[in-house]
Amino acid sequence: MLPLHFTKKHDALKILCLGAHCDDIEIGCGGTILKLREEFPDATIQWIVFSGTAIRSQEFRASAECFLDPENASKCRNYDFRDGFFPSSWKEIKECFEQIKHEVDPDVIFTHYREDLHQDHRIISELTWNTFRNHLVFEYEIPKFDGDLGKPNFYSVLSEATCTRKLDHILENYASQSNKSWFTRDLFMAILRLRGMEVNSPSKLSEAFHVRKMVV
């Protein structure tokens with residue numbers, strides 16, 4: 001397997017993270033964000049979520065402060081589109097993407113998996129590709145009842161310490177989700193372990209992504 005190394009000769013690395021719900025980014029690529037922050041401490045990270053009740057929005061802010069440095073965390077954005085009804089708000093969400101496009105020109109984008117069966121997730125992935133046509137896009141995965149995990153083709157090898165930090169931050173900050181049967185440490189770790197096995201990770205742990213277009 002060939003490794004990919006991000007390099008920036010002049011400007012700081014610019015990262016855009018997009019999620020339908022308040023915990024999606026952390027679950028899908030939180031470990032990779034922590035890793036990139038260590039490798040690129042001057043990176044600018046735009047963290048945008050498109051739904052959230054008052055309680056979940058508070059949790060989102062607290063979580064962002066754990067995953068990001070104070071400057072990037074202060075710039076996080078949380079829209080209030082209705083959870084589960086994104087298809088009916090397509091036009092309004094598209095307008096938000098148009099605004100985002102004029103605000104940031106990212107080097108790397110993290111968004112939902114295009115084949116995700118959750119309708120909100122699919123809309124965000126669709127609009128990501130519709131809006132950012134000349135960018136490197138990593139589609140992350142969210143484990144859930146639908147059983148829609150695909151066959152990823154890009155892996156981010158993570159240390160055990162980074163994975164532990166990721167799970168600690170998620171479970172500590174999203175107490176409102178603790179009553180869900182799938183929102184548990186062992187399930188999140190199982191996905192990391194499965195993907196680590198697939199890529200023969202030295203730590204046995206990895207996050208996985210779908211990369212549809214990459215120019216070398």
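Which residues lie nearest the centre of the second largest pocket? Let's start there and then look at a pair of strands and a loop; please keep in mind that this is a predicted model.

## The second largest pocket

N134, H135, L136, K213 and V215 are the residues that lie nearest the centre of this pocket. They belong to a lining of 13 residues, and the volume of the pocket comes to about 310 Å³.

What is the make-up of that lining, in nonpolar, polar and charged residues? The second largest pocket has 7 nonpolar residues in its lining, alongside 4 charged and 2 polar ones.

## Strands β2 and β3

Strand β3 spans residues 77–81 and is mostly covered, with 4 of its 5 residues buried. Its partner here is strand β2, which takes in residues 44–51. The two strands run in the parallel sense, and their pairing rests on 3 bridges. If you would like a spot to find in the viewer, look for S51, which stands opposite F81 in β3.

## The loop between α7 and β7

Helix α7 covers residues 185–198 and strand β7 covers 206–210, and the loop between them holds N200. K204 lies in that loop too.

Both residues are worth a look for their backbone angles. N200 is not a glycine, yet its phi is positive, at about 55 degrees. K204, also a residue other than glycine, has a positive phi near 75 degrees.

Is N200 buried or exposed? Its relative accessibility is 67%, and the cut-off for exposed is over 50%, so N200 counts as exposed.

Conventions
Residues numbered from 1 in each chain as written. Predicted model: local features only at pLDDT ≥ 70, side-chain atom pairs only at ≥ 80, totals over all residues. Heavy atoms only, no water. 1 Å grid on protein atoms, 1.4 Å probe; cavity = no way out; pocket = protein on both sides within 12 Å on 5 of 7 lines; lining within 4 Å. Points joined across faces, edges and corners; volume = space filled by probe spheres on them. Nonpolar A, V, L, I, M, F, W, Y, C, P; charged D, E, K, R; others polar. Buried < 20%, exposed > 50% of the residue type's maximum accessible area, 1.4 Å probe, protein only. Pairing = 2+ DSSP bridges.
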